[in-house]
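This briefing introduces a protein structure to a reader who has not met it before. Please keep the sequence and the 3D view at hand while reading.

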Amino acid sequence: MNEFGSNFERHRRELLVHCYRMLGSLPDAEDAVQETLLRAWRYRDSLKEGAPLRPWLYRVATNACLDAIARDERRAVLAARAAADEGWAGDPEDVVWLGPIPDSVLEPPTPPARTPETITLMRETIEIAFLTVIQLLTPQQRAALILCDVLDWSAKDAADLLDISVSAVNSALQRARARLRERLPSHKPPWPASVDGSAAERDLLKKYVEASEAADFRAFESIIRADATFRMRPQPGTAAGREAMFKLWVEEGFGSERFGRLHCVVTHANLQPAVAAYVCRPGDSTWRALALDVLRIEDGLITEIVVFPPDTFPLFGLPILMDPAPEMNMRH
């Protein structure tokens, strides 16, 4: 299996990203890639001599993901609802399995040369907002969209992989694209063209960290857009608008003595800036993982904050517990 395993490993990273888009969860995607390896080895004789390995592996991986969706009752219920009711838009709160992915998983050690268009496509199709919406498509629509619009496969190649007709692929694409237009937020650039995006992002994250650690609502007002949204995964509910967001924070005790102090660590998830927050409660001597905030930025302001639970920290190489006095502005 050594030679086969080596050939598979060359494609592992891209297969993992593909499975992550299909499933919306990094642990589930890792399981699907492992299942792909086992199936590929088991059915290796079905690969015709001289045929390219990559598309065949995508076939195996896609089928592994489709089977995983069918086995998961939560996913299967949404899939059945989407298939039965074309007018059903779905509710992002139903996608309780959605989780972040570290940028280190997305970016190979030696990134291939990419055009600005491919960089933009990669970013837009791995962001939390995009992943949430495509989880509400039927599995076939989701697969067709990823294959054709993300991986740039032809409708014929996608049809061959999915074992359906070209017209069925085109129909699935039409419905998937319509759903994306309905549900996805605007795609304004994070920063004006005249701005150094890297420096501007560092400055905004510094302000976000300082505002979080000081519980400074006035500072938050300067960096969060008035119509921004706030979601906490996997809990239901969305705070629509900055004022509703602040109200929710206050109700949860943020800024009060009983809430405790925060320490923040800057990281990146889904090619978006993110901040991992640790809390030290009154009487406690340890910083404990609290939440991972993934931020969406448009025109220099935060327009969405999606919060993930502390069990996501190990994915980013972040500890659950920290010493009482960690170095500030730690970066990963």
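The points below treat the paired strands, one helix, one buried threonine, and the empty spaces in turn. The model is predicted. Strand β4, residues 272-280, pairs with β5 in the antiparallel sense over 6 bridges, and 9 bridges join β3 to β4, which also run antiparallel. The largest pocket has a volume of about 790 Å³, and β3, β4 and β5 are among the elements that each supply at least two residues of its lining.

**Strand β4 and its pairing with β3**

- Strand β4 is mostly covered, with 9 of its 9 residues buried.
- In a regular strand, side chains alternate between the two faces of the sheet.
- Gln272, Ala274, Ala276, Tyr278 and Cys280 point one way from β4, while Pro273, Val275, Ala277 and Val279 point the other way, and all of these residues are buried.
- Across the pairing of β3 and β4, which has 9 bridges, leucine 262 stands opposite valine 279 in β4.
- The hairpin of β3 and β4 has 2 residues between the strands, and asparagine 270 there takes a positive phi near 55 degrees.

**Strand β5 and its partners**

- Strand β5 covers residues 287-298, and 10 of its 12 residues are buried.
- β5 pairs with β4 in the antiparallel sense over 6 bridges.
- Two residue pairs illustrate the pairing with β4: tyrosine 278 has alanine 289 in β5 as its bridge partner, and alanine 276 has leucine 292 in β5.
- The hairpin of β4 and β5 has 6 residues between the strands, and glycine 283 in this hairpin takes a positive phi near 85 degrees.
- With β6, β5 forms an antiparallel pairing over 7 bridges, in which valine 294 stands opposite valine 306 in β6.
- The hairpin of β5 and β6 has 2 residues between the strands, and aspartate 299 in this hairpin takes a positive phi near 50 degrees.
- β5 is also joined by 2 bridges to strand β7, residues 321-322, and these two strands run antiparallel.
- Tryptophan 287 stands opposite methionine 322 in β7.

**Helix α14**

- Helix α14 spans residues 242-251, and its buried residues are Arg242, Met245, Phe246 and Trp249.
- These buried residues lie on the same side of α14 because they cover an arc of only 95 degrees around the axis.
- The exposed residues Glu243 and Lys247 are carried on the face of α14 turned away from its buried side.
- Which elements do the buried residues of α14 pack against? They pack against α13 (217-221), β1 (224-232), β2 (238-240) and β6 (301-308).
- β6 is thus a packing partner of the buried residues of α14 and a pairing partner of β5.
- Just after α14, glycine 253 takes a positive phi of about 95 degrees.

**Threonine 132**

- Threonine 132 is placed in helix α8, residues 128-134.
- Is threonine 132 buried or exposed? Its relative accessible area is 7%, which is under the 20% limit, so threonine 132 counts as buried.
- Leaving aside residues up to four places away in sequence, threonine 132 touches Pro92, Val95, Leu98 and Arg233.

**The largest pocket**

- The volume of the largest pocket is about 790 Å³.
- Of the 32 residues that line this pocket, the closest to its centre are Arg123, Glu201, His268, Leu271 and Gln272.
- Gln272 is also one of the buried residues of β4.
- The elements that each supply at least two residues of the lining are α6 (103-106), α7 (116-124), α12 (197-214), β3 (261-269), β4 and β5.
- The most is given by α12, with 5 residues.
- By class, the lining of the largest pocket has 12 nonpolar, 8 polar and 12 charged residues.

**The cavity**

- Rolling a probe the size of a water molecule over the atoms shows where empty space is left.
- The structure holds 1 cavity of 30 Å³ or more, and about 30 Å³ of space lies in the largest cavity.
- The largest cavity is lined by Glu124, Glu127, Ala129, Phe130, Leu184, Pro185, Ser186, His187 and Arg296.
- This lining divides into 4 nonpolar, 2 polar and 3 charged residues.

Note on methods
Residues are numbered from 1 along each chain as its sequence is written. This is a predicted model: local features need pLDDT of at least 70, side-chain atom pairs count only at pLDDT 80 or more; totals for chains, interfaces and linings use all residues. Side-chain values use heavy atoms; hydrogens and water are left out. Buried means under 20% relative accessible area, exposed over 50%, partly exposed in between (1.4 Å probe, protein chains only). Helices (H or I, at least four residues) and strands (E, at least two) are DSSP runs, numbered from the N terminus. The arc is that of the directions from the helix axis to the C-beta atoms. Contact means heavy atoms within 4.5 Å. Two strands pair if DSSP finds at least two bridges between them. On a 1 Å grid over the protein atoms alone, a cavity is a set of points where a 1.4 Å probe fits but cannot get out, and a pocket is an open set with protein on both sides within 12 Å along at least five of seven lines; lining residues have an atom within 4 Å of a point. Grid points are joined across faces, edges and corners, and a volume is the space filled by probe spheres set on the points. Ala, Val, Leu, Ile, Met, Phe, Trp, Tyr, Cys and Pro count as nonpolar, Asp, Glu, Lys and Arg as charged, and the others, Gly among them, as polar.
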